[in-house]
Structure formats: structure tokens, C-alpha cells
Amino acid sequence: MSVKKKKIAIIGAGYTGMILAKELSKKYTVDLIEAKNDIGGMTATFNAYGTNLEYFYRHIFKSDKYAIDLIKELNLDDEMEWNETRMGYYVKDRGSYDFGTPISLLKFKPLDLWSKFRFGMGFIKIKLIRNYHKLEDVTADAWLSKNLNKKSYECIFKPLLISKFGEAYKDISMVWLWNKLVARNSSSKKNGEALGYLKGSYQKLTDKLKQLLKDNGVNIILGTKITRIYKTKNSKYKLDGLTTNYDKVVMTVPLPCVKELVNGLNINKKYINKLSSIDYTAAKVLVMFLKKSFMPYYWLNIGDSGIPFGGLIEHTNMQDKKLYGNNYVLYVSNYMYKNNPLYKMNKEKLFNEYLPYLKKVNPQFDKNWIKRLEVYNEDYAQQIVKTNYFKNIPELKIPSEELYVASMAQIYPQDRGMNNAIGLGLKVANLIISKDKN
């Protein structure tokens, strides 16, 4: 006589949710529930002249083991490309320069020789750090101010911190910056970076994973936004709008959404406080399809706080423009708070707002280059990683409940991203299975 499998609901079908469903379906009956009309989360795509393209620019690093292993497992490694790319840095009133390699640093005119030396030594010191715990109560602003000279800090790192976190830049933990630089260094090459991309987009990986979930019996429920979790008399869980009783529920949504979902349950106050203790910035990306190439770089960081966006990513400097109807694809990346007037602008208004600054970066740019515009928002794009961040991270399992949280804000010291979303899914799946064995 077969033992009836326990039922698990997974709320959110980004990569964390999909990996959870993949692993848990081996032992449980799984419902994967998504508010949108398809799975993939922030790796979702749209049709770009016959080829899928991510709403938000996407690549992986050589150190992204979870993503690379999944690509191999789903037999897509032959379609994985590692392309050498160039990085640039735009300096206020000075223009754009190659950046990211020792040679480019030597040629970087905005810094004098002493500032270059201090910058280079500071970068080496960061790479040599093995125990990040020593940095927990140190801000990036304080560490960089001490280990670089004022000119190199204010020219390079300070504008980047401001563009990412706004007025919170002085509170950002050095652990966050340390991890970003260590991860990026894994893909460094003599002339730039070797970044990974699935030719034709990561939609190929999502589609393969979706089919595997269906083959494994996962019930994928789309277009269903869950707003509340209820507990039944027999200690099961019900989700508003669904009739099924679940033995366990996993929430892969942002922490403020988790707090809403469990509102009304008798959850430990200390845990609820942790759900409220981490703030986020939003992101808004303008995707431009152009008749001409905007720049020679794949990635251009904007080191000018007077420009209202933080980065330019020319996707077609990593992928062939023939895939996108012979158009050049440029992402204009901008992290901001949701109260920023730019956040509510449609694509035409946003482009007109950006146009003078795009011309500042490239004086040759003309609006007649535009073939098509798209715009995409994400309310909870980047958690604000302040000092001693680890103290505020909610536990993966809510105490005294069969409720689990697998949210990007719990990934630490690593930052959010597809690879770490996969890793979090594996971690929480193993936790659930191991607890049921005990």
C-alpha cells in the first residue's frame, strides 16, 4: 500500500520556486503558483524581432556553479556561449574610458598616477580578503575612504554606490561590495570579461525546466495572486482563492509580500520584525532597439550623479544583432525608490527624460536611431545591504509552523541573481526534506 504524499504549495515561480518544485516533486505533491501568466520571474523574456530577450539584462559568471550545473543537467551546455566583453566607465565632463583591466587602469586619464596606484592596491586588498565576517560592521564608504585615496574613491566607487542605493549609500556594508567584486573577478580576462549567455536567451532554460516540472507531476497554476495564508482546524494551510489543503507552504516572494501572506497567523513577533527590517530599491529598465551601435562597450558604468541612470548595457556587444532583426539592443538601467517620479513614467516620457543625458554620454546619438522602446519595472529589485545585515535575515523556516521563506533577501553574503536563486531553491528543498526525515 502506497503512502499518500504530503502536499506542498510553492508561491512564486521564479528560479527559486522552479528549483524547489523540481527537487520537492521527488517526494511530495507540488503546486507551483504564480501571479503572472508564465514562469521565470526576473528572467522572463519578450519577443524581440523573432528572438526571445530578457526584460532585465542577463549574464552569468564563471563562478556561477548552480546555473552552469543546471544548464548541463538540461542538456543546454552546447548552446552556452562565453563571450569576451568590454567594460567602460563614464566620468563626469570627461567622457567614457575603458575600465576593468590593469591596462585600462593605467590608461585611465581622470586619475593621476598616485590615485591609480591606491585604487589598484585597494582592489588587490579586497580580492585577498577571505573572511568577510571581519567586514560585517564596516561600511563600504568607510573602508574605501580609508583604503583608497579621496580622488579615486569619489571618481569611481562613490558614484556607483549612489546610483545603486541613493541616499542610503553611506550605510551599505563592505561585505556587499566585496562579494560583487570577487564574483566579477572570476570572469576576468586580460582584455575584459568572459560572460556567459544562452544563445537565444535564458528562456530556453526556463522552457526546459518547465517541461521537466510537468513531467514530474508538478501542478503549475498561473495567473493566480495569493494574498493570504490561512490555517485550518487540522493544522493544514489554505491559500485564498484555492480549495486545496496543504501540509507545507514555501514563499519565494519578497519579504514585504511574505509579511502580508502570514498576516493573521500567530507568527513569532521577532520573526515578523525581521520581515520588516530589510528595505529594497526598485529597478526600471528602458530597452532600446537602435539602428546604430550606441557604444563599443557591453557595460558602461555611469560615474556622474547628475545623470539619472546608473548603467548602459549594449546587449548586442555580447550577442549578434542578427538575432534581433539587425537592431542594436541597449538597456538603460536605473535603480531608484518607488517614490521617484521616473518610476511611474511610460516608455515615451522616460526616453524623453533620458534623451539629453544619452546625448551627453554619446554626442552623436539621435532619437532617429530609435526603432522600438520597451520599459519594465521591478518593485523589489535590490535589497539594501546595510552593516551587520546577517542579524536581520529571517530564518528559512518560520518557527512553530510548516511555512518556509525562500526570498532573495535571504541570500548572503552573495547578492541576488539567477545563480544564487537556484542555490537558494536547492538549500530550502534540502532543508524541508531533511526535516521530514527527522
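## Worked exercises: a sheet, a helix and some rings

Five strands make up an open sheet, ordered β10-β2-β1-β13-β19, with parallel pairing. The edges are β10 (219–221) and β19 (403–405), each of which pairs on one side only. On average, neighbouring strands of this sheet are turned by 15° against each other, direction ignored. Please keep in mind that this is a predicted model.

**Exercise 1.** How many bridges join strand β13 to β19, and which residue of β19 does V250 stand opposite?

*Solution.* Start with strand β13, which covers residues 248–251. Three bridges join β13 to β19, and the two run parallel. Now look across from V250: the residue opposite is Y404 in β19.

**Exercise 2.** Work out what span helix α11 should have at 1.5 Å a residue, and check it against its end C-alpha atoms.

*Solution.* Helix α11 takes in residues 347–361, which makes 15 residues. The expected span is 1.5 Å times one less than the number of residues. That gives 21 Å for α11, and the end C-alpha atoms are 20 Å apart, so the two agree.

Next, follow the helix along. At its N-terminal end, N346 acts as the cap: a side-chain oxygen of N346 lies 3.2 Å from the backbone nitrogen of E348. Further on, α11 bends by about 40° at L355, with a proline, P356, following within four residues. L355 is also one of the buried residues of α11, along with L350, F351, Y354, L358 and V361.

**Exercise 3.** Classify the aromatic pair of Y89 and F99, then decide whether each residue is buried or exposed.

*Solution.* A pair of aromatic rings is described by the distance of the centres and the angle of the planes. For Y89 and F99 the centres are 5.4 Å apart and the planes make 40°, a tilted pair. Y89 sits in strand β6 (residues 87–91) and F99 in strand β7 (residues 95–99), so the pair ties together parts 10 residues apart in sequence.

For burial, the cut-off is under 20% relative accessible area. Y89 has 1% relative accessibility, so Y89 counts as buried. F99, at 12%, is buried as well.

**Exercise 4.** What kind of pair do Y132 and Y412 form, and how many residues apart are they?

*Solution.* The ring centres of Y132 and Y412 are 6.2 Å apart and the planes stand at 85°, so this pair is edge-to-face. Y132 lies in the loop between α4 (113–128) and α5 (140–147), and Y412 in the loop between β19 and α12 (418–437). The pair therefore links distant parts of the chain, 280 residues apart. Both Y132 and Y412 are buried.

Conventions
Residues numbered from 1 in each chain as written. Predicted model: local features only at pLDDT ≥ 70, side-chain atom pairs only at ≥ 80, totals over all residues. Heavy atoms only, no water. Bend = angle between axes of the 7 residues up to and from the residue. Buried < 20%, exposed > 50% of the residue type's maximum accessible area, 1.4 Å probe, protein only. Polar contact = N/O pair within 3.5 Å; in protein donor to acceptor, adjacent residues only side chain to side chain. Pairing = 2+ DSSP bridges. Axes fitted to C-alpha atoms, helices over the stretch in contact; angles between N-to-C directions. Phe/Tyr/Trp six-rings, centres within 6.5 Å; stacked < 30°, edge-to-face > 60°.
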